[in-house]
Amino acid sequence: MKILANDGISELGKSLLEKAGFTVITEKVAQEDLAKEVNAQGIEMILVRSATTVRKEVIDACPNVKLIGRGGVGMDNIDVAYAREKGVTVINTPASSSQSVAELVMGHMFAISRSLHDSYKHMETGDFSALKKKYAKGVELRGKTLGIVGFGRIGQSLASYALGCGMDVIAVDQFMTTPVDIQIPIGNGHSAKVTITPNSSLNDVIGKLDYISLHVPKQADGSAVITQKEFALMKKGVRLVNAARGGVINETDLLDALASGQVASVALDVFENEPNPRTDLLNHPNIACTPHVGAATLEAQDRIGEELASLIIGQFATTN
């Protein structure tokens, strides 16, 4: 069976699939040519990350496709329900990238707390006196309260890191309100455990939060989770990170909240209009931006490739 890994796959994942007898094609196919090339090459499985979309039109045009796989958590770039109605297996890898996304969020929180992203851009001026004055109002993470909105695998992994840094963590999840034990590896073979019970309502706790990190999917109706209404309830000077999905934060309302000082700084790994975000976001001195790289570590990509291979081999190797 032929597999098109259109957004790439780790060498480990590719090797495991090839050893099981699958042919893995990694040459990138343009989105507009996807259906044509899938049919022309006799491809029966399509693997994507976030760049390629597999919508109803592609599914209808490719009747021989048996599986669509997403290397990552969210599957909003795949018409999942429709594919399954048509008898196509749809898989993803929800556990593989949790640690890498959590580490990126921690990095962003450190960056926007000390203006690392912006100060770096101006170091070449050599004017240390002016630079020190401009960037002398940083804050520390220890002792601050982090609100994690969406307390699945990534949210729980982030909680582990944040607790290890001495932050207080408040979790918000409308679907999970039972206590969760968070294991905190602290090095040298030691660990600790903290139990967190998520809150069901963000509005009930939003005013207590110094930092907010979003880990929720894009809403089915396209609405934002954070809008002008939520910004008005936040503590003045709050800092936000979005490494979930573009559109979870209303970007126009975000810029207004930054202009008023209600929000001190923001880090964005995802945007409403990827891969062409608004330039006023990219150029804003209080916004740290990365190009949707939450899962883009070597370790995470190996785990993703291995998990995809395991799922495919387990379901299809016997008929390959």
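This passage describes a negative surface patch and the setting of two buried residues, His 215 and Ile 78. The model is predicted: local features require pLDDT of at least 70, side-chain atom pairs count only at pLDDT 80 or more, and totals for chains, interfaces and linings use all residues. Numbering runs from 1 along each chain as its sequence is written, and side-chain values use heavy atoms, with hydrogens and water left out.

Glu 103, Glu 299, Asp 302 and Glu 306 form a negative surface patch. Patch members have over 30% relative accessible area and no salt bridge, and like charges are joined within 9 Å. A salt bridge places a side-chain nitrogen of Lys or Arg within 4 Å of a carboxyl oxygen of Asp or Glu. Asp and Glu count as negative; the charge is placed at CG of Asp or CD of Glu. Helix α12 (residues 298-316) supplies the largest share of the patch, 3 residues. Glu 103 lies in helix α5 (residues 98-114). Helices are DSSP runs (H or I) of at least four residues, strands (E) of at least two. Glu 103 is partly exposed, because its relative accessible area is 40% (buried is under 20%, exposed over 50%, partly exposed in between; 1.4 Å probe, protein chains only).

His 215 occupies the loop between β10 (211-214) and α9 (228-233). At 14% relative accessible area, His 215 is buried. Its side chain makes a polar contact with the side chain of Ser 213 at 2.7 Å (a pair of N or O atoms within 3.5 Å, one able to donate a hydrogen and the other to accept it).

Ile 78 sits in the loop between β4 (67-70) and α4 (80-85). Ile 78 is buried, with a relative accessible area of 4%. Its C-alpha atom is separated by 25 Å from that of Leu 104, 26 residues apart along the chain.

Methods: Patch = residues over 30% accessible without salt bridge, like charges linked within 9 Å, V, L, I, M, F, W, Y side chains within 5 Å. Areas by Shrake-Rupley, 256 points an atom, 1.4 Å probe, with all protein chains shown as cover.
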